[in-house]
Amino acid sequence: ISGINCIVYEQDENHSIKFSDNDSIAYHSGFAVKSELRRQGIGKLLIETTEKFLADSNRFNYEYARILCEGSMSERIFGSYGFVDAYDKDGILIVDDVNYMDSNGKLHEDKRKYMVKTLKNGSDFSRR
């Protein structure tokens, strides 16, 4: 395995980003490329394949990803495919504080923001 891009066909209820009940959502729940294989076009190929699948299905209003606020390689890739930072109705960037334990049992904390792409059936998310 050189990389993954997992798609969940609904919004994660634990996320701070909110969509309306009638929106059809595709959530990029896991996007990664092995560190030694990065910068070889694998991430681009993963996103392109997913984007084609979602466009061909014609059933989604939005797709979104939750990425690191700082130092995310995913931000550049998602941004190049039309994803934008997600803001709430007051114009504040939607961010989650995330705590997780690594395989060595060490606790980590970081901040993650949301990037959203409006598909042809949706309205502009950032202006809701």
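User: In this predicted model, which residue lies over the face of Tyr9?
Analyst: The model is predicted. A charge counts as over a ring if CZ of Arg is within 6 Å of the ring centre and within 35 degrees of the ring normal. Here the distance from the ring centre of Tyr9 is 5.0 Å, and the residue is Arg59.

User: How many aromatic pairs are there?
Analyst: Rings pair if their centres lie within 6.5 Å. By this rule the count of aromatic pairs is eight.

User: Are the rings of Tyr64 and Tyr114 stacked, edge-to-face or tilted?
Analyst: A pair of aromatic rings is described by the distance of the centres and the angle of the planes. For Tyr64 and Tyr114, the centres are 5.9 Å apart. Planes under 30 degrees apart count as stacked, and over 60 as edge-to-face. The planes of Tyr64 and Tyr114 stand at 45°, so this pair is tilted.

User: How many residues apart in sequence are the parts that the pair of Tyr64 and Tyr114 ties together?
Analyst: Look at the strands. Tyr64 lies in E3, residues 62-68. Tyr114 lies in E6, residues 107-118. The pair therefore ties together parts that are 50 residues apart in sequence.

User: Is Tyr64 buried or exposed, and what about Tyr114?
Analyst: Buried means under 20% relative accessible area. Tyr64 has 0% relative accessibility. Tyr114 also has a relative accessible area of 0%. Tyr64 is therefore buried, and Tyr114 is likewise buried.

User: Which residues form one aromatic cluster with Tyr64 and Tyr114?
Analyst: Tyr64 and Tyr114 make a tilted pair. They belong to one aromatic cluster, together with Phe19, Tyr27 and Tyr62.

User: Which strand runs parallel to E3, with four bridges?
Analyst: E3 is mostly covered, with five of its seven residues buried. Glu63 in E3 stands opposite Ala26. The strand joined to E3 by four bridges, in parallel, is E2.

User: What span should helix H1 have, and what is the distance between its end C-alpha atoms?
Analyst: H1 covers residues 42-57, which makes 16 residues. The expected span is 1.5 Å times one less than the number of residues. That gives 22 Å for H1, and it agrees with the distance between its end C-alpha atoms, 23 Å.

User: Which helix is among the elements that cover the buried residues of H1?
Analyst: The buried residues in H1 are Ile42, Gly43, Ile47, Thr50, Glu51 and Leu54. Their cover includes strands E1, E2, E3 and E6. It also includes a helix, residues 73-80, named H2.

User: Which residue takes a positive phi just after H1?
Analyst: The place to look is the loop between H1 and E3. One residue there is partly exposed, at 39% relative accessibility. Its phi is near 50°, a positive value in a residue other than glycine. The residue is Asn58.

User: Is Arg39 buried or exposed?
Analyst: Arg39 sits in the loop between E2 and H1. Its phi is positive, near 65°. Exposed means over 50% relative accessible area. Arg39 has 71%, so it is exposed.

User: Which residue's side chain makes a polar contact with the side chain of Asp96?
Analyst: Asp96 is found in strand E5, residues 95-101. At 7% relative accessibility, Asp96 counts as buried. Beyond its neighbours within four places in sequence, its contacts include Asn14, Arg66, Lys111 and Tyr114. The polar contact between side chains has a distance of 2.3 Å, and the partner is Ser16.

Methods
Residues numbered from 1 in each chain as written. Predicted model: local features only at pLDDT ≥ 70, side-chain atom pairs only at ≥ 80, totals over all residues. Heavy atoms only, no water. Phe/Tyr/Trp six-rings, centres within 6.5 Å; stacked < 30°, edge-to-face > 60°. Helix = DSSP H or I, 4+ residues; strand = E, 2+ residues; numbered from the N terminus. Buried < 20%, exposed > 50% of the residue type's maximum accessible area, 1.4 Å probe, protein only. Contact = heavy atoms within 4.5 Å. Polar contact = N/O pair within 3.5 Å; in protein donor to acceptor, adjacent residues only side chain to side chain. Pairing = 2+ DSSP bridges.
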